[in-house]
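Please find below my notes on the model, set out as numbered points. They are meant to be read with the sequence and the coordinates open alongside.

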Amino acid sequence: MTSADLLINARWILPVTEGFPVLENHSLAIREGQIVAILPTADAGAIDAKETLDLENQLLMPGLINTHGHAAMSLFRGMADDQPLHIWLNDHIWPAEGRWVNEEFVADGIQLAMAEMLRSGTTCFSDMYFFPETAAEQIRKVGMRAQLSFPIFDFPCAWGSGPEDYFQKGLALRDSYKHNELIQIAFGPHAPYTVSDEPLSKVAMLAAELDANIQIHLNETEQEIQDSLAQHQLSPVQRLEKLGVLGPRTQCVHVANLNDDDIALLAQYNCHAVHCPESNLKLASGFSPVEKMRRAGINVALGTDGAASNNDLDLFGELRSAALLGKAVAKDAAAVPDYYAIEMATINGARALGIDHLTGSLEIGKQADLIALDMSALEQQPLYSPVSQLVYTNMASRVRHSWVRGKALLKDGQLTTLDINEVIKRAQYWQSNISNAQ
Ligand SMILES: CSC[C@H]1O[C@@H](n2cnc3c(O)ncnc32)[C@H](O)[C@@H]1O
Ligand SMILES: [Zn+2]
């Protein structure tokens, strides 16, 4: 008999494994944070569980992975809408960050973001923002899984004085989290247009030496490519190749303007792409060729980007946008099919972060990062295909439970490690400070 801490009996289990099966009336057993069994509920008598949870009309699947964002920017949600990227960044966001971002802002902002993500099915996220030490501390308290890419760019900011300082602080953070099983620290060179050759080469060298991930905004706009050709006589992708930045640990965010040569280079170096469809649409940045990248064998994951350019952190909404936009861009209704949209938001995110041996699918031996969704609401009827409903109907509000490594962080719709009223109070405190200063 297999012993377990928790046995979950579900109407459906979507493991997101080879062949994309949908298991009906199955159970999943968890022991010490790991999945130890997945079997028909009719056979679950073989499990000696301390606790059993019956999820009659619910579907169990891997927790979603938001592979790119700037969590604390949630406090800037709705502050600068309807602008193109360069105006949004230069005239609104960077001045606001210069004025407001400090440790307290990051702590309150990331709590707001984590509450929103957990309530909408995300259990793991990648973050690139100032004061990553503060972010890490908050993530540790809440219990989510995360990659923190510490920022690197040429100019000073509230967090540090320039590249040398960012490397020193980021590497110290990496050192202090090297034994943490849920949080990994990566390099976060902001973008080719904000980081010069020397620090980019240093990122490449250190990442190879430490076997660390790199996350970078890349080919977000056509202007970025034209500027790079004028300044370096190389496209941003060619320049990153020259500097040694491309490789299997490199996560290329946006790639919203990508020609066939760029796609071939990213594929050749086994880079990962992180598609952020809603941010790209809102900032009118471009249209990522997701289906072409997929066919070229590039692993494509999914991100929301920050809530200041989205304006939410709902990854179910994002995967729906990715499926719809992917068809329009490829001019092919069969492009980015429903199961692939779910893979982008789960196992592909885990691959991009280099943690697919731990999470991203429900398999025996993997950690129990999972979510349960209520499929009984009017908006999901009639239910011919659970996968279709997950992708093409509004699912974020149906998330009932979220677990990370077997620990319930959302239980029957209630956050267990965050005080939602306090989170809202702090967001309103920042809103009144920021509004009163304008
Ligand atoms: C160095 S910390 C992250 C930095 O990136 C800014 N940012 C947020 N969204 C985007 C985007 O879509 N493209 C480029 N830069 C972005 C954020 O405001 C921080 O300054
Ligand atoms: Zn971003």
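1. There are zero disulfides in this structure, which, it should be said at the outset, is a predicted model. Cys124 takes part in no disulfide, since the nearest cysteine sulfur, belonging to Cys276, is 15 Å away. With a relative accessibility of 0%, Cys124 counts as buried.

2. For Cys276, the closest cysteine sulfur is that of Cys252, and the 12 Å between the two is too far for a bond, given that a disulfide would require the sulfur atoms to be within 2.5 Å. Cys276 is also buried, its relative accessible area being 0%.

3. Which residues hold the zinc ion (ligand 2)? The protein donors are His68, His70 and His217, each through NE2, together with Asp305 through OD, and they lie 2.0 to 2.2 Å from the metal. Along the chain these donors follow the spacing H-x1-H-x146-H-x87-D. His68 sits in the loop between β5 (64-66) and α1 (85-100), whereas Asp305 sits in the loop between β12 (299-302) and α11 (315-330), so this pair ties together parts that are 237 residues apart in sequence. His68 and Asp305 are both buried.

4. Why is the arrangement of the four donor atoms around the zinc ion (ligand 2) irregular? The angles that the donor atoms subtend run from 90 to 166°, and a tetrahedral assignment would need all angles to lie between 85 and 135 degrees. As a point of reference, the ideal angle for four tetrahedral donors at a metal is 109.5 degrees. I would add the caution that water is not among the atoms, so sites may look incomplete.

5. On internal space, the count comes to one cavity of 30 Å³ or more, and the largest cavity has a volume of about 50 Å³. Its lining includes two of the zinc donors, His70 and Asp305, and among the other lining residues are Asn66, Met117, Thr304 and Leu313. Strand β6 (residues 122-127) supplies the largest share of the lining, with three residues. Sorted by class, the lining has four nonpolar, five polar and two charged residues.

6. Two peptide bonds deserve a look in the backbone, given that most peptide bonds are trans. A cis peptide bond joins Asn310 and Asn311, with omega at about 10°, and Asn311 belongs to the loop between β12 and α11. A cis peptide bond also joins Gln381 and Pro382, where omega is about -10°; Pro382 is found in the loop between β13 (370-374) and α14 (386-392).

7. Positive phi values should be checked as well, as most residues other than glycine have a negative phi. Gln233, which is not a glycine, has a positive phi near 55°; this residue is placed in the loop between α6 (222-232) and α7 (236-242), and at 58% relative accessibility Gln233 counts as exposed. Val336, likewise not a glycine, has a positive phi of about 40° and lies in the loop between α11 and α12, but Val336 is buried, with a relative accessible area of 0%.

8. Pro337 also has its place in the loop between α11 and α12 (338-345). With a relative accessible area of 16%, Pro337 is buried, because the cut-off for that class is under 20%. Measured in sequence terms, Pro337 and Val391 are 54 residues apart, while from C-alpha to C-alpha they are 9.3 Å apart in space.

Conventions. Residues numbered from 1 in each chain as written. Chains lettered and ligands numbered in written order. Predicted model: local features only at pLDDT ≥ 70, side-chain atom pairs only at ≥ 80, totals over all residues. Heavy atoms only, no water. Donors = N, O, S within 2.8 Å, 3.2 Å for Na, K, Ca; no water. Tetrahedral: all angles 85-135°; square planar, octahedral: opposite > 155°, others 65-115°. Helix = DSSP H or I, 4+ residues; strand = E, 2+ residues; numbered from the N terminus. Buried < 20%, exposed > 50% of the residue type's maximum accessible area, 1.4 Å probe, protein only. 1 Å grid on protein atoms, 1.4 Å probe; cavity = no way out; pocket = protein on both sides within 12 Å on 5 of 7 lines; lining within 4 Å. Points joined across faces, edges and corners; volume = space filled by probe spheres on them. Nonpolar A, V, L, I, M, F, W, Y, C, P; charged D, E, K, R; others polar.
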